[in-house]
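Please open the model in a viewer and follow the selections below in order. The tour concerns charged side chains and their partners.

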Amino acid sequence: MEFLNYLGKFHPVILHLPIGALYLTFCLALLEKFFKSKYIIPIRFGLLFSFVFALISALLGFFLTLGDNFSGQIVDIHMWLGISTALFIGLLLWIHKTTKYSVVFFPLFSFTIILLSVTGHFGGQITHGKDYLKLPDLSISPSTKIDSINLFITAVKPIIDNKCVKCHNQNKSKGGLKLTTKNEILKGGDSGVIFTSFDPSSSHLYNYPKLPMDDKMHMPPDGNSQLNDNEKNLIRMWIDSGAPFEGHMKISDNSFSTEILNYLPPINTYVDPPSKKNLINLLENDFRIEKVSAESNF
């Protein structure tokens, strides 16, 4: 079982071969249809190549699901769509060998390309999360009065979502760890809880990213986007303050460095508006707080 699961790890390597080959073959089919050129041998070879490696990719993908790291509805959907895509490519290859292939070949090829694209989309959700194609927010944030933040929602959760959830989600949970909800974060993984309130030094969530890159316990693994110093400090600060999921922390009551404040994403809602005195103190301490235009708000 472990050997099959090891073979399954080659699935992400092999799957790109039939994808690229099938798209290229579809382009040849388009040229043949609209420019009346003949690409019988290249199209047939492209379909054969795509079919063989689609089968291998589907088999390796199935081996990958035998382990504990991948599970869930999206994984099942992706698996069956992948198998269906391989079968449709085989059908296209068979039809292309018949004398009347031109009648249904191109419409069926177009459908197979759509099926392949949908399959790849679900594969992307498994690897990068369901929001990996979400458009960036390009709206201009209004000026915001603020002297306190929810550190978990504002900073810690975005760090986890961007750097950790890729390998610890509903469909892929390395080490039995999922980090998509509060309860899952509190539960931890196979090795136990990942943080201890008020004690960053004994918390894996803070310690593992600080380990040397060649340490097998270092997280995220080499090749993935790593936490920078500001992000590590934010996690340390959150744990050191008791690791609260709710409630707000007064900026003026905590040692927020300018670098950490610069990391925090824009806040679009009014949260605990500061008094004029507190705001002046923050500005004097060189914190970057947007100036509020309306003096009447004071």
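Select lysine 157 to begin: in this predicted model, its relative accessibility is 32%, so the residue counts as partly exposed. Next add aspartate 161, whose side chain meets that of lysine 157 in a salt bridge with an N to O distance of 2.9 Å. Both residues belong to helix H7 (residues 151–163), where four residues, about one turn of the helix, separate them. Aspartate 161 is likewise partly exposed, at 35% relative accessibility.

This pair is part of a set of three salt bridges in the structure.

For another of them, select lysine 163 and glutamate 231, whose closest N and O atoms are 2.8 Å apart. Lysine 163 lies in helix H7 and glutamate 231 in helix H10 (residues 229–240), so this salt bridge ties together parts that are 68 residues apart in sequence. Glutamate 231 is buried, with a relative accessible area of 5%, and lysine 163 is also buried, at 15%.

Now select glutamate 246 and lysine 182, which form a salt bridge at 3.2 Å between the closest N and O atoms. Glutamate 246 sits in the loop between H10 and strand E2 (249–250), 64 residues from lysine 182 in helix H8. Glutamate 246 is exposed at 52% relative accessibility, whereas lysine 182 is partly exposed at 35%.

Remain in helix H8 (residues 182–187) and select glutamate 184. Which side chain of opposite charge is nearest to glutamate 184? That is lysine 178, 5.0 Å away; glutamate 184 is buried yet has no salt bridge. Finally, display threonine 180, whose side chain makes a polar contact of 2.4 Å with that of glutamate 184.

Definitions and conventions:
Residues numbered from 1 in each chain as written. Predicted model: local features only at pLDDT ≥ 70, side-chain atom pairs only at ≥ 80, totals over all residues. Heavy atoms only, no water. Helix = DSSP H or I, 4+ residues; strand = E, 2+ residues; numbered from the N terminus. Buried < 20%, exposed > 50% of the residue type's maximum accessible area, 1.4 Å probe, protein only. Lys, Arg positive; Asp, Glu negative; His and termini not counted. Salt bridge = Lys/Arg side-chain N within 4 Å of Asp/Glu carboxyl O. Polar contact = N/O pair within 3.5 Å; in protein donor to acceptor, adjacent residues only side chain to side chain.
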